[in-house]
Amino acid sequence: MTLDSTRTEGAGAAPDGSAKILQALASSERPTPPGPLSTSLTFGWRALLKIKHVPEQLFDVTVFPVMFTLLFTFLFGGALAGSTEDYIQFLLPGIMVQGVIMITMYTGTTLRTDLEKGVFDRFRSLPIWRPSALVGMLLGDAVRFTISLTVTALLGLVLGWRPGGGFGGFLVGAALILLFSFSLGWVWTFLSLLLRTSGSVMGVSMLVITPLTFGSNIFVDPSTMPGWLQAFVEVNPVSHLVTSVRAVMGGIDPGASLPLTIVWSAALIAVFGTLTMWRYRDAR
Amino acid sequence: MNDLAIETHGLVKVFGSNRAVDGVDLAIPRGGVHGFLGPNGAGKTTTIRVLATLARPDGGTARVLGRDVVTEANEVRQRVSLTGQFASVDEDLTGRENLRLIGRLFGHRGAAARRRADELLDAFGLGDAGDRQVKKYSGGMRRRIDIAASIVVTPELLFLDEPTTGLDPRSRNEVWDIVRAMVSSGTTVLLTTQYLDEADQLADRISVIDRGKVIAEGTSTELKASVGSGSLHVRVMDRVDREAARAILERELAVDVREEADPNALSANVDEQGRVTRALSALDDARIPLAQFSLGQPTLDEVFLSLTGHPAEETTETEVDAA
């Protein structure tokens, strides 16, 4: 005499649904596991799909560079170089770097959000090259960075920027910026695996980015700075990047700054890539 | 190689000072559904995360389908799938895009990935919703797309972490039907749940987990036998009668009768249903009017009370953190 009446039988998915599920399960096709490049590009595709569905993501890469370029050109142009036209020749390569580095910050907060939503649990449970989800995310970001660079360059041309290196010089400079921001991205991926909320990832990122960009040769020639600040600017990798981008876009020899930029990029990947993957094993 | 789906010895996972998994030994055969039953914070999810290679154990060993979860993690990942407590597909993408993404990550070429996605959407009744973003799905649709994502390439072992938490009864039945279909096709399912009812419906064997330890294991019948075959709930019309009713019930049932938080309610675990009939007549003879009475299977709380001596506790901070 069981008086419990909570049992409800059947009443679920239609029987043909179960049959179709059985059929789907029966096709036990196991494709060849794809290589690291293929899975990374697939995750890059995911990033592009996200841009398609959430186009608001492109707001920052278009508005930031326009705002920075206009603000700093007209704020400092007259005072620092006598005219905005002269100043923009000096400033524009630097402001491209500044714009992209500011946007790299979102890599960390995006990853933190993904981790919280559990979607990375699925990616981490797949039999694929471990870093590919992160590499793909950074590749997707490279598309956003390219948009930012293009917007800045076009606005610069309108304002009178005339780079001596021509279009070829611009492409080499842009490639350098993309390489460095891809490398810097691993700092943010590590931070977002270390810190628990996207707010704190954002806060710490600002703390790193502000001295890196403003404590550099982006806005002014370091020769007028006090010695201690010059020393910092000298070792700041962003300064090397800006120097080499300025040189290749201006059509002159970048000297030691070019290999230094590449060495810095490799070192960032080696150190923060390794730290990221170490945290990624136990990510939550 | 052996024929165990899961084999662990002294498995430990520590978060700070909290031993979320504290020496778990399991030997789960292939085939069928094995249930992990326990309250929030018992360590079910953490155990699953270790077994699915998402978290590294701090002690002990775990082999899944004969492979070590630490040293042969990639081998394990090729054979298992995980469906989490929270939908672990990308909410910004459409259902079809999510399935294509996973298909491509497993090595399906563009057209094959698309075909597989269409087949699964159709089988799970999501054909019409395939091009909508997952964030716009209902709870039941979301759980279905999540399970579909787990079988893009058919796994040998599927971890289902609280698949029906937060679902309405209809969607819950749909998920149960899907699980039954998968089992009949030969997939082993490890299911965690807070509901005895769910474990009862689906699981062949159940491990009861509490505070990071397995405290009991057996079929649902065996577990229920440990707390008596049934659970009697009585609610008296007038609360002043409760003490008298309790005395009568204890005499007639010959077991302990508990006073519930509700000042009118009593409950008891009973073995013999014949005694229940007599006990209810005795209450009638004593002219103690009842508001209601019921005899049903023991609840999770009662299983816990009996097995652990403490009631199933609610969520602890640390497990939420770990989840």
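The exercises below concern a predicted model, and they take up the interface between chain B and chain A and then a sheet in chain B.

**Exercise 1. Describe the extent of the interface between chain B and chain A.**

Solution. Begin with the residues: 65 residues of chain B are in contact with 54 residues of chain A. Next take the area, for which the size of an interface is often given as the accessible area lost when the parts come together. Between chain B and chain A about 5400 Å² is buried, and carbon and sulfur atoms give 54% of this area. In chain B, the residues that lose the most area to chain A are Leu54(B), Arg77(B) and Leu105(B), which together make up 12% of what that side buries.

**Exercise 2. Work out which polar and charged interactions join chain B and chain A, and what the side of chain B that touches chain A is made of.**

Solution. Count the salt bridges between chain B and chain A, of which there are nine. One example is Lys50(A) with Asp90(B), where the closest N and O atoms are 2.9 Å apart; because a salt bridge requires such a nitrogen and a carboxyl oxygen to lie within 4 Å, this pair qualifies. Then count the polar contacts, which amount to 19 residue pairs between chain B and chain A, both residues being at pLDDT 80 or more. Turning to the elements involved, helix α6 (residues 169-184) of chain B supplies the largest share of the side that touches chain A, namely eight residues. By class, that side of chain B has 26 nonpolar, 20 polar and 19 charged residues.

**Exercise 3. Reconstruct the open sheet of four strands in chain B, pair by pair, and identify the strands at its edges.**

Solution. Start with the order, which is β2-β1-β4-β5 in chain B, with antiparallel pairing. The strands at the edges are β2 (18-29) and β5 (67-68) of chain B; each has a single partner strand, so one side of each is left without a neighbour in the sheet.

Now follow the pairs along that order:

- β1(B) and β2(B) are joined by nine bridges, with Thr8(B) paired to Leu26(B) in β2(B). These two strands form a hairpin with two residues between them, and Gly16(B) in the turn has a positive phi of about 60°.
- β1(B) and β4(B) pair over five bridges, Ile6(B) having Val64(B) in β4(B) as its bridge partner.
- β4 (residues 59-64) and β5 of chain B are joined by two bridges, with Val64(B) opposite Arg67(B) in β5(B).

Finally, add helix α1 (residues 44-51) of chain B, which packs on the sheet and touches β1 (4-15), β2 and β4 of chain B, its direction making about 115° with that of β1(B).

Key
Residues are numbered from 1 along each chain as its sequence is written. Chains are lettered from A and ligands numbered from 1 in the order in which they are written. This is a predicted model: local features need pLDDT of at least 70, side-chain atom pairs count only at pLDDT 80 or more; totals for chains, interfaces and linings use all residues. Side-chain values use heavy atoms; hydrogens and water are left out. Contact means heavy atoms within 4.5 Å. Buried area is the accessible area (1.4 Å probe) that two parts lose on being put together, summed over both. A salt bridge is a side-chain nitrogen of Lys or Arg within 4 Å of a carboxyl oxygen of Asp or Glu. A polar contact is a pair of N or O atoms within 3.5 Å; within protein, one must be able to donate a hydrogen and the other to accept it, and residues adjacent in sequence count only if both atoms are side-chain atoms. Ala, Val, Leu, Ile, Met, Phe, Trp, Tyr, Cys and Pro count as nonpolar, Asp, Glu, Lys and Arg as charged, and the others, Gly among them, as polar. Two strands pair if DSSP finds at least two bridges between them. Axes are lines fitted to C-alpha atoms, for helices over the stretch in contact, and angles run from 0 to 180 degrees between N-to-C directions.
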